[in-house]
Amino acid sequence: VQLQAFGGGLAQAGGSLRLSCVASRGIFSVAVMGWYRQAPGKQRELVAWISSGGVIKYSESVKGRFTISRDNAKNAVLLQMNSLKPEDTAVYYCNGDLGSRQYWGQGTLVTVSS
């Protein structure tokens, strides 16, 4: 398994959840690591990504509420999700982008109740 995601679950609106994704060292050390999500009936969309050098990009919909970070000791990328909204409900996917190739973790479901 190249990427393995953990976390997710059920939260109330306004609550918090944390996702983590552990990658193989060969991927993590060079890849842009990111999180994407896919809500029912919608296309997969970017949530946030972080480069190996620490450059970060957030989608406008999560900016100010979600925080992405890298734990280099654990080859993991973390997504702290605060102030959750029902529209954050989706399957969240971890991604490792090497440019020439992308890796995807299994999805983890996040459900936010109103």
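In strand β3, S20 is the bridge partner of F6, and that pair is a handy place to start looking at this predicted model. From there, the briefing follows the open sheet around these two residues and then turns to the salt bridges, of which a search of the whole structure finds four.

**The open sheet**

- β1 and β3 (residues 17-23) pair in the antiparallel sense, and five bridges link them.
- The sheet itself is open and has four strands, running in the order β1-β3-β8-β7 with antiparallel pairing.
- β1 (3-7) and β7 (66-71) are the edge strands, each of them pairing on one side only.
- On average, neighbouring strands of this sheet are turned by 15° against each other, direction ignored.

**R37 and its two acidic partners**

- One salt bridge joins R37 to E45, with 2.7 Å between the closest N and O atoms.
- R37 counts as buried because its relative accessibility is 6%, below the 20% cut-off for that class.
- E45, on the other hand, is partly exposed, at a relative accessible area of 36%.
- R37 also forms a salt bridge with D88, and here the closest N and O atoms are 2.9 Å apart.
- D88 sits in the loop between β8 (76-81) and β9 (90-97), while R37 belongs to strand β4 (residues 32-38), so this pair ties together parts that are 51 residues apart in sequence.
- D88 counts as buried too, since its relative accessibility is 0%.

**E60 with K63, and the shared network**

- E60 and K63 form another salt bridge, whose closest N and O atoms lie 2.7 Å apart.
- E60 is exposed, with a relative accessible area of 62%, and K63 is partly exposed, with 46%.
- Salt bridges with shared partners join R37, E45, R65 and D88 into one network.

**Questions to take to the viewer**

- Which strands form the edges of the open sheet? They are β1 (3-7) and β7 (66-71).
- Is D88 buried or exposed? D88 is buried, at 0% relative accessibility.
- Which residues do the salt bridges with shared partners join into one network? Look for R37, E45, R65 and D88.

Conventions
Residues are numbered from 1 along each chain as its sequence is written. This is a predicted model: local features need pLDDT of at least 70, side-chain atom pairs count only at pLDDT 80 or more; totals for chains, interfaces and linings use all residues. Side-chain values use heavy atoms; hydrogens and water are left out. A salt bridge is a side-chain nitrogen of Lys or Arg within 4 Å of a carboxyl oxygen of Asp or Glu. Buried means under 20% relative accessible area, exposed over 50%, partly exposed in between (1.4 Å probe, protein chains only). Helices (H or I, at least four residues) and strands (E, at least two) are DSSP runs, numbered from the N terminus. Two strands pair if DSSP finds at least two bridges between them. Axes are lines fitted to C-alpha atoms, for helices over the stretch in contact, and angles run from 0 to 180 degrees between N-to-C directions.
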